[in-house]
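Biologist: I should like to go through this model with you. Could we begin with a term that will be needed later?
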Amino acid sequence: MTKYSALLFISGLVFLLMVITGLLPMGHTPMLVGNAILEGAKDQVGAANVVTSVVLGYRGLDTLGELSILFAAASVVGLVLTKSSFNKHASNNDDKHDHHDSGFVAVNAIDLIFPLLLVVGMYIITHGHLTPGGGFQGGVVLAVAFSMLVIVRPRRVSINHGMVSIIESFAGVSFIVIGVVALFKGQSFLQPLLGHGEFASLWSAGTLPLLYLAVGLKVGAELAGLLLALNTDEVAS
Amino acid sequence: MTFLDHLFIVVFISLIAISALRNLRIVDKLAPVLYGLILIMLVRMSSVAYGGDVYLSSVSLDLLDFKMHWQFTALSWYFAIITVVAALASAVFMSGDWGRQYREQGGNYGMLQLALIVNVFSMILLLGSGDLLSLFIGWEFVSWASFLMMVLSPTKLAKKSAVKYIVYAMTGAMALMVAIVMIYSVNNSLEFKQIGEVFTQMSTSSQLALVLLFFVAFAIKMGLLPFHLWQAIAYAETPGPGAAFLGAISSRMGMFTIVLVIVQFIGLGGLKQLGISFVNMQTLLAWVAALTTIIPTYIALQQHDAKRLLAWHGVGQGGYMLLGIIMFDSIGSAGGLMHVLNHASYQAALFMTVVAVMYRTGTSDLNKLGGLVTQMPLTFLVMLIGIIGLAGLPPMNGFVSKWLVYRSLLVNGQPLLFVAAVLGTLGTILSVYKLIHNTFLGQLRLEHQNVREVPWSMLVPMLGLSIIVFITGFMPGLILPWIASVQESVGLPVIAHHLGGIEYAKGGLDMIWVSGILFYGFGVGALIFYFLGGKSKRVHQYDNYAGGHFLTSDVRYHYSNNFYPGLMHLIGGWYRGSFKWLENSIVSVVSFFSIFFENIYRAKQPVMLLLIGVVLALFALYRNLGVGA
Amino acid sequence: MNSLVLLVVLPLFAAFIIPVVAKFSPKLSLFTGPVVLCINLLLIMSAWIKVGSGSEAIFLGGFLPPVGIVFYIDHFSLLFSGLIAGMVLIVWPWDAKESRLYSLYMLLSAASFGLVLSADLFNLYVFYELLAVATYGIIAASPISKVPNSSATAASLRYLFISSAGSVMLLLGIAIIYTLTGTLNIAHLATMTTSLDGFAGLSAFALIAIGAGVKAEMFPVNSWVAEVYGTIPRQLSALLAGLVSKLAVILIIRMLLMVFQQQAAFDLLLVVGMLGVISGEMVAWRAKDMIRMLSFSSIAQLGLIFIAFSIAGSKGLWIGMALMLHHLLVKGGLFLMADRFAGHMGKLKGLAKHSPMAAAVFLVFVLSLLGVPPFPGFWIKLLLILNLAEQGGGLYHVAIATILLATVIETAYIFKFVRILYQKADADSTPINKNYSSSYTFAKLFALILLVSMLFVSPISNHLKDIANHSASPHIYINKILPTKQLGDRS
Amino acid sequence: MNSFFTIEGILYFGAISLSIIGLFGLLVSKNLFRMLLSLVLFEAGANLVLVLSGFIRNGIAPIFLDGNSGAVMNDPVPQALVLTAIVIGVGVQALALSLIFRVKKHYGSMDMRTIRSKLEREIATQAGVTPPGSNEAPAPVKLVKGEAHE
């Protein structure tokens with residue numbers, strides 16, 4: 001019954017969405033804001049990657065909000081899972097059979113890849129204003145690096161939750177502080193500071209790289225925390 | 001400051017004083033004084049009832065761009081004086097021993113006093129309303145005030161019926177609100193005179209809707225068919241004098257608004273133009289009124305609780321009032337209006353007698369009483385006067401108003417309505433006989449051997465009311481000037497009157513003559529009975545023989561259970577729950593939709609609802625807007 | 001004025017540092033939140049005075065709109081900001097065991113401030129999501145003592161599914177709008193209403209309205225209400241029903257008033273509002289316990305608010321705002337005191353005798369809810385109905401009938417409940433919780449505010465009218481946010 | 001009406017199909033985890049629609065490099081938006097996953113319907129009432145007893 005009515009309404013929705021799509025100016029959108037940004041980004045922000053200018057410059061508050069959402073999600077996961085399962089898990093840790101390290105290949109490969117991943121992650125973060133990439137992407141790579149370590153050696157490697165939370169707090173706070181500094185200088189919140197530097201070089205685009213560093217750390221820490229929390233619980237259940 | 005302001009101030013101060021002092025004994029004595037004061041304030045304004053100018057209040061409220069003001073016309077004054085006298089009588093009644101007993105039995109006496117003054121306050125506010133908004137506010141106040149009084153009853157049934165009442169009242173209020181909104185939306189004004197102006201501008205269907213909405217609102221308050229189910233139980237279960245007050249006047253606020261709105265502003269022409277072929281709004285309302293006189297009366301006949309019997313009669317008598325006023329001629333409307341006062345006076349007196357009997361015997365069950373005439377002769381006298389009034393027999397005031405109504409029906413060529421009204425009266429006579437017979441006549445019960453007459457604090461208001469019943473019946477000319485100015489103020493043809501009654505081309509009425517002849521006849525009969533009939537011997541009540549056997553005092557020979565069995569057998573089936581069915585079916589419909597919506601809210605997969613909502617919304621837009629690229 | 005961005009930033013800052021602070025001093029972390037909210041209240045007050053009867057725009061990052069994000073500040077947004085700060089303070093979880101919960105409350109308030117201040121469509125979406133995530137977390141993390149811990153989690157999960165699906169709809173709507181116009185700034189959109197008045201534009205509005213309607217307890221998408229309010233503490237219900245639902249409403253009406261002033265959009269709101277009113281009241285009529293009754297009555301009240309917003313122009317905002325404030329007071333108050341009325345209705349007999357004050361406060365709330373004169377609810381209902389009648393059009397008349405029918409049903413179930421309260425206690429009655437919790441004190445405070453506002457109906461209404469006139473005008477909005485209109489000219 | 005047989009038409013079609021598949025999965029699957037996966041698809045589709053709103057035919061990535069100064073660039077704003085939306089989605093999904101673990105643990109089931117019923121019963125129990133819509137009869141209509149009109 002549900003399936004058929006779902007099918008009926010879904011097909012209605014498909015039809016209506018298709019009609020709407022037909023009405024949209026596909027492929028040649030007005031781009032009012034987009035063009036203005038493409039014109040002005042070089043002078044106003046100074047990042048070669050215009051997307052970065054948008055993410056951290058024009059729409060910096062969105063990014064802050066998104067970091068907060070990640071933070072909120074991580075907090076909730078921590079709240080929901082720690083309360084019920086971490087303690088239990090700790091008590092019957094030894095009885096579990098599947099807490100072995102992964103096989104030889106995985107362990108050694110991770111040992112090899114881990115530093116590489118760190119470097120790549122940091123590279124992506126620090127070059128976010130020049131190339132495609134940035135704090136989110138780099139942060140994800142960092143998080144993956146750390147969580148892979150834990151996955152292949154669940155018993156020997158553990159990540160200090162306190163450390164993770166301090167990093168995430170620190171990163172979030174520094175993002176806000178960079179924004180508020182501008183406010184104290186009589187400018188607007190999250191206004192880019194420190195001048196533009198030489199265009200398309202590593203040291204350019206003012207505070208944007210710093211912000212991206214904060215974002216990268218934050219995303220890395222949150223995601224690592226999330227992955228670890230979920231991983232632990234999965235093992236426990 | 002006009003006299004009207006003084007009235008409002010006094011009423012308001014009384015409200016404050018009684019609510020502040022309600023838990024002290026002093027309130028017993030204070031309340032009657034305050035009602036007396038209010039009465040004096042009203043009497044000061046009596047010029048309005050003799051054709052004087054309308055009293056305007058100097059207070060007006062500007063709230064949210066609505067201007068509210070208050071005024072007292074002859075109509076308001078007429079209803080107000082009934083209200084205040086009824087309240088005064090009730091307050092005196094409960095000030096003495098009744099109040100003490102009520103307190104001892106765990107009743108909340110302070111709340112009762114408070115409810116009474118709140119009722120008076122809100123009724124005065126309603127009666128004094130000068131525009132539709134203040135009318136609505138007063139209307140709501142009256143509803144909630146009577147709810148306050150009803151919930152004071154300790155029994156579960158009474159509370160249930162009070163809740164039922166408030167649902168009905170809210171329905172009425174909402175209907176009234178829609179009607180007011182309809183008027184407001186035409187000219188953006190809430191003045192009374194807008195009703196008439198807007199009415200003429202409206203389309204026929206809107207006119208019909210407007211009249212029906214107003215009528216539903218007022219009919220619910222007045223307990224007209226088919227909205228009568230709440231009233232009787234709710235009133236009957238209200239404690240003591242509260243029931244007397246509510247039964248006397250509360251539901252007549254519906255009558256007030258009918259006269260104020262429908263009679264005054266929509267008028268006969270307006271009602272007559274609505275309808276198809278021979279059925280127009282006037283005949284419809286008249287038949288509603290006629291049925292209201294019959295059906296509740298015969299329900300009353302079936303009751304074996306004295307208070308309920310009276311309360312059902314209260315519903316039925318409302319029909320006469322509407323029947324009279326809906327004729328729109330001088331005598332009919334005079335009859336309808338006068339019946340308000342008459343009914344209030346005898347209904348309050350009758351309720352008080354029943355409460356007095358309850359005070360002494362602890363029951364109002366007609367199957368458990370009897371023979372109290374020897375113990376409570378004055379109460380008996382009051383009840384006798386009251387039931388003569390209620391039955392509409394000379395020389396009491398009920399006769400006058402009912403005569404006027406009958407006369408009007410005949411003159412206007414409505415024989416069927418006349419028959420219906422007479423049928424109602426027949427039922428009334430039967431059931432009031434049951435009331436007085438089962439209570440006061442016949443065999444005195446053993447457990448009532450030591451019952452005494454009630455104290456003077458209760459007798460005085462009862463006797464006072466019965467004097468009013470008699471005097472206004474004997475000399476209706478005392479009241480008729482008020483009626484005449486009411487008629488004048490609402491634009492009805494004015495009745496020609498004198499002290500004894502009315503002058504009318506097709507046969508007037510002079511109650512002084514009628515009563516004179518009646519008393520003359522009684523006198524002759526008494527003479528024959530006492531002097532020519534000769535011998536009678538006074539025996540003790542238990543000195544009885546039947547079939548040659550001595551009847552001991554514990555043998556029950558008082559015929560009270562299952563009164564009128566043949567009649568009951570005939571009519572019983574018709575009355576059993578026919579309107580209950582209506583009420584229940586409404587509840588069932590609401591239940592049905594409620595379960596339907598509940599199941600929507602219990603969706604196993606809420607996202608489905610989201611999908612359906614989105615698709616339907618988009619589809620509606622698609623249908624409305626098309627895809628004009 | 002730029003400092004007003006701190007309304008959002010300070011709570012975020014506090015949220016980030018609370019977990020760290022808690023490691024060193026739990027006490028300090030407990031007070032961080034309230035302190036921040038108090039600072040916010042001060043900021044709001046000073047801004048209220050500074051803004052006066054005008055309005056201000058904050059250009060974040062110093063980028064002139066429409067390229068950057070703008071905060072728009074007027075009395076409307078400041079009023080609701082103040083309410084957010086106050087309400088969160090009232091329901092602050094003083095006895096929470098986990099400091100993360102404080103973080104979540106801070107995030108919730110930051111998101112709420114953002115929702116009322118922001119004038120950028122996508123920014124609104126971000127704050128809406130932040131609000132949603134914080135809400136899921138708070139719901140899941142604070143079950144009431146009587147249910148198993150995880151039922152709050154289950155309720156939260158079910159809420160999450162429909163709410164996320166709603167967010168996706170919202171996102172689709174935003175995507176359509178952006179494709180059509182190339183901008184996200186609401187003021188900028190307001191200058192381009194012609195490109196949005198076709199089917200595509202209005203379907204974007206429908207998607208946004210229904211997507212955000214999940215939080216606003218809009219009719220078909222509100223099945224979460226009973227589940228969630230049934231499993232969380234009453235204070236939290238007061239926050240969600242009283243305030244959070246209104247924030248989603250504000251998102252919808254911002255779009256409605258500034259961009260989609262069209263009959264089709266009004267009709268959409270009108271229909272969902274009517275269905276919400278009638279369905280909410282009818283289900284509440286069958287409810288056997290107070291929380292369920294209040295949940296569905298809250299749905300009905302939100303429906304009423306939607307009906308109010310279907311009145312075009314500033315009148316709709318005026319009445320809708322009055323309804324929102326009234327509902328905040330009444331439903332907030334009722335939920336705050338609901339602990340005293342817990343359990344099956346039939347077992348509450350004699351409560352009025354036991355605690356007459358609680359019963360009286362309850363009566364004040366419900367009488368105002370029903371719209372009994374002279375309570376404020378009456379005036380609002382009167383205004384609503386009179387203005388609906390002025391609109392003309394059959395649908396508006398149906399709405400009037402619906403509202404009045406719903407009022408009758410509401411009277412029936414509320415007074416069924418009141419009757420039970422005033423009955424004599426019997427053996428079946430449960431012993432009544434005599435603990436005077438702080439939330440009950442706040443409920444009494446709400447009732448007092450309600451009673452006092454009864455005396456100042458006219459000034460309050462005039463003030464609200466001024467606010468509404470100012471806030472509902474797209475001209476003022478556009479002139480403030482796009483002072484130069486250098487880009488608007490191109491369209 | 002634009003033709004659908006262009007590159008952007010096909011892209012739009014794909015994006016919408018993706019979200020529709022997600023929505024359909026969300027509706028018909030009972031398993032919580034599958035529902036979550038469907039939600040992910042649904043969101044992915046919507047994100048694609050969003051990022052497509054900045055698509056310009058023959059446009060290049062909005063990065064200033066040497067030699068692309070004259071070329072038409074795609075709109076950078078939707079790309080930034082979609083970045084944000086994706087991260088938001090990740091947060092919500094992680095949150096949902098943790099809630100699913102918890103629910104699974106408590107109810108021992110991943111079936112949405114079972115959980116709905118159990119949840120309803122729990123809520124009703126704590127409120128002290130019978131659960132709504134359990135096989136109870138509709139509100140009993142009292143028949144009039146022997147005495148008319150009480």
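Modeller: Certainly: two strands pair if DSSP finds at least two bridges between them. Please bear in mind that this is a predicted model.

Biologist: Which residue stands opposite His497(B)?
Modeller: His497(B) faces Ile502(B), which lies in E6(B). Strand E6 covers residues 501-503 of chain B and is joined to E5(B) by 3 bridges, the two strands running antiparallel.

Biologist: In what order do the strands of that sheet come?
Modeller: The order is E5-E6-E7 in chain B, an open sheet of 3 strands with antiparallel pairing.

Biologist: And which strands stand at the edges?
Modeller: Strand E5 (496-498) and strand E7 (509-510) of chain B do. Each has a single partner strand, so one side of each lacks a neighbour in the sheet.

Biologist: Let us change to chain C. How many helices and strands are there in it?
Modeller: Chain C contains 20 helices and 2 strands. Its radius of gyration is 22 Å, close to the 23 Å given by the globule rule for 491 residues, so chain C is as compact as a globular protein of that length. The C-alpha trace of chain C spans about 75 × 65 × 40 Å along its principal axes.

Biologist: What is the mean pLDDT of chain C?
Modeller: The mean is 85, and 95% of the residues of chain C reach 70 or more.

Biologist: Where does pLDDT stay under 50 in chain C?
Modeller: That applies over residues 486-491 of chain C. The model has 11 contacts beyond four places in sequence for this stretch.

Biologist: Now the neighbours. How many residues does the contact between chains C and A take from each?
Modeller: It takes 57 residues from chain C and 47 residues from chain A. On the side of chain C, at least two residues each come from helix H1 (6-24), strand E1 (56-59), helix H4 (99-117), H5, H6 and helix H8 (199-213).

Biologist: Which of these gives the most?
Modeller: H5(C) does, with 12 residues. By class, the side of chain C that touches chain A has 35 nonpolar, 17 polar and 5 charged residues.

Biologist: What about the contact of chain C with chain D: how many residues does it take from each?
Modeller: Here 36 residues come from chain C and 32 residues from chain D. Helix H5 (121-141), helix H6 (149-181), helix H9 (224-231) and H12 of chain C each supply at least two residues of the side that touches chain D. The largest share, 17 residues, comes from H6(C). The residues on that side of chain C divide into 19 nonpolar, 10 polar and 7 charged.

Biologist: You mentioned H12. At what angle do the axes of H12 and H13 of chain C cross?
Modeller: Helix H12 (residues 290-309) and helix H13 (residues 313-336) of chain C cross at roughly 170 degrees, and their axes come within 8 Å. Angles over 145 degrees count as roughly antiparallel, and H12(C) and H13(C) are therefore roughly antiparallel to each other. The contact includes Leu294(C) and Ile305(C) of H12(C), and Leu323(C) and His327(C) of H13(C). Its residues divide into 10 nonpolar, 5 polar and 1 charged.

Biologist: Lastly, how do H2 and H3 of chain A pack: what is the angle?
Modeller: Helix H2 (residues 32-44) and helix H3 (residues 50-58) of chain A pack at about 85 degrees, with their axes 10 Å apart. H2(A) and H3(A) are therefore roughly perpendicular to each other. Ile37(A), Leu38(A) and Ala41(A) of H2(A) meet Val50(A), Ser53(A), Val54(A) and Tyr58(A) of H3(A). That contact has 6 nonpolar, 1 polar and no charged residues.

Definitions and conventions: Residues numbered from 1 in each chain as written. Chains lettered and ligands numbered in written order. Predicted model: local features only at pLDDT ≥ 70, side-chain atom pairs only at ≥ 80, totals over all residues. Axes fitted to C-alpha atoms, helices over the stretch in contact; angles between N-to-C directions. Helix = DSSP H or I, 4+ residues; strand = E, 2+ residues; numbered from the N terminus. Parallel < 35°, antiparallel > 145°, perpendicular 65-115°, else oblique. Contact = placed C-beta atoms within 7 Å. Nonpolar A, V, L, I, M, F, W, Y, C, P; charged D, E, K, R; others polar. pLDDT = per-residue confidence, 0-100. Rg over C-alpha atoms; globule rule 2.2 N^0.38 Å.
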